[in-house]
Amino acid sequence: RSKYLISLLLFYNLFGIKYIAVIDLEPMVINDMKSKILIQALASNIIEAGDYTVVERANIEKILKEQKFQHSGCTDSDCAVEIGQLLNADFTVMGTAGKFGSTYTIQTRIINIETGEAVKSADFTHKGEIDELLNIGIQTIVQELLDMDNKPKGNVGYDGIFDITSIPTDAEVYLGETFFGKT
């Protein structure tokens, strides 16, 4: 049994497997069901990226329930760190999903559990239907959070490829009302 544990720890240290917990997006003016769909899509896209092992949603709920931890309304780094520690994760992703007028937004950040610091944040804003949060917003968020700016986006509902260079750099790129990232 101890040989298995030592092997597992060695594997973990050699290959640098990092565990990430994606906690609920705090819904702001949108309903809980839409928020849950967005969080599932966020977790799936992080898994697809392959850089992290994502703590399964069922395990998150089970562990937090066993610990009698109420995480609704968890919007600060201290809360995210506490959840990450309970889940034995290296990082947590937290944020909000909301609507203001006809504009939808997702605002997220990734928290390092060891230091308690927000290492990266990513926002996506779209005027129009909420579908674009799911179709394009989540993928954009994951690319920004995980520093995947140079990796191809794949099929996000549009056909075609465009390459944009700007002076100065970091110009925001929109197609219609949809934000696609920065140059």
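Two strands count as paired if DSSP finds at least two bridges between them. Keep that in mind for the exercises below, which all concern a predicted model.

**Exercise 1. Follow the pairing of β4**

Task: Work out which strands pair with β4, in what sense, and over how many bridges.

Solution:
- Step 1. Begin with β3, residues 91-100, and β4, residues 103-112. These two strands run antiparallel and are joined by 10 bridges.
- Step 2. Pick a pair of residues to look at: V93 stands opposite I110 in β4.
- Step 3. Move on to β5, residues 118-127, which pairs with β4 in the antiparallel sense over nine bridges. Here T103 has K127 of β5 as its bridge partner.
- Step 4. Put the steps together: β4 pairs with β3 and also with β5.

**Exercise 2. Is β4 enclosed or open?**

Task: Decide how far β4 is enclosed by the rest of the structure.

Solution:
- Step 1. Use the cut-off for burial, which is a relative accessible area under 20%.
- Step 2. Count the residues of β4 that meet it: seven of the 10 are buried.
- Step 3. Draw the conclusion: because seven of its 10 residues are buried, β4 is largely enclosed by the rest of the structure.

**Exercise 3. Look into the hairpin turns**

Task: For each hairpin, find how many residues lie between the strands and which glycine has a positive phi.

Solution:
- Step 1. In the hairpin of β3 and β4, two residues lie between the strands, and G101 in the turn has a positive phi of about 65 degrees.
- Step 2. The hairpin of β4 and β5 has five residues between its strands, with G116 in the turn at a positive phi of about 80 degrees.
- Step 3. For β6 and β7, two residues separate the strands and G176 takes a positive phi near 65 degrees. Four bridges join this antiparallel pair, and V173 has G181 in β7 as its bridge partner. Strand β7, residues 178-182, is mostly covered, with four of its five residues buried.
- Step 4. Return to G101 and ask whether it is buried or exposed. Since exposed means over 50% relative accessible area, G101 counts as exposed because its value is 60%. From G101 to K127, the C-alpha to C-alpha distance is 8.7 Å, across 26 residues in sequence.

**Exercise 4. Find unusual backbone angles in loops**

Task: Identify which residues other than glycine have a positive phi, and where the cis peptide bond lies.

Solution:
- Step 1. Check N88, whose phi is near 60 degrees. N88 sits in the loop between α4, residues 77-87, and β3, and counts as exposed because its relative accessibility is 64%.
- Step 2. Check D170, with a positive phi of about 65 degrees. D170 belongs to the loop between α5 and β6, and its relative accessibility of 53% makes D170 exposed.
- Step 3. Stay in that loop, which also holds P168. The peptide bond from I167 to P168 is cis, with omega near 0 degrees.

**Exercise 5. Examine a nonpolar surface patch**

Task: Name the residues of the patch that includes L134, and judge the exposure of L134.

Solution:
- Step 1. The patch consists of M33, I37 and L134, which together have about 280 Å² of accessible area.
- Step 2. Locate L134 in helix α5, residues 131-145.
- Step 3. L134 has a relative accessible area of 38%, so this residue is partly exposed.

Technical notes. Residues are numbered from 1 along each chain as its sequence is written. This is a predicted model: local features need pLDDT of at least 70, side-chain atom pairs count only at pLDDT 80 or more; totals for chains, interfaces and linings use all residues. Side-chain values use heavy atoms; hydrogens and water are left out. Buried means under 20% relative accessible area, exposed over 50%, partly exposed in between (1.4 Å probe, protein chains only). Patches are made of residues with over 30% relative accessible area and no salt bridge: like charges are joined within 9 Å, nonpolar side chains (Val, Leu, Ile, Met, Phe, Trp, Tyr) within 5 Å. Accessible areas come from the Shrake-Rupley method with a 1.4 Å probe; for residues, only the protein chains shown count as cover. A salt bridge is a side-chain nitrogen of Lys or Arg within 4 Å of a carboxyl oxygen of Asp or Glu.
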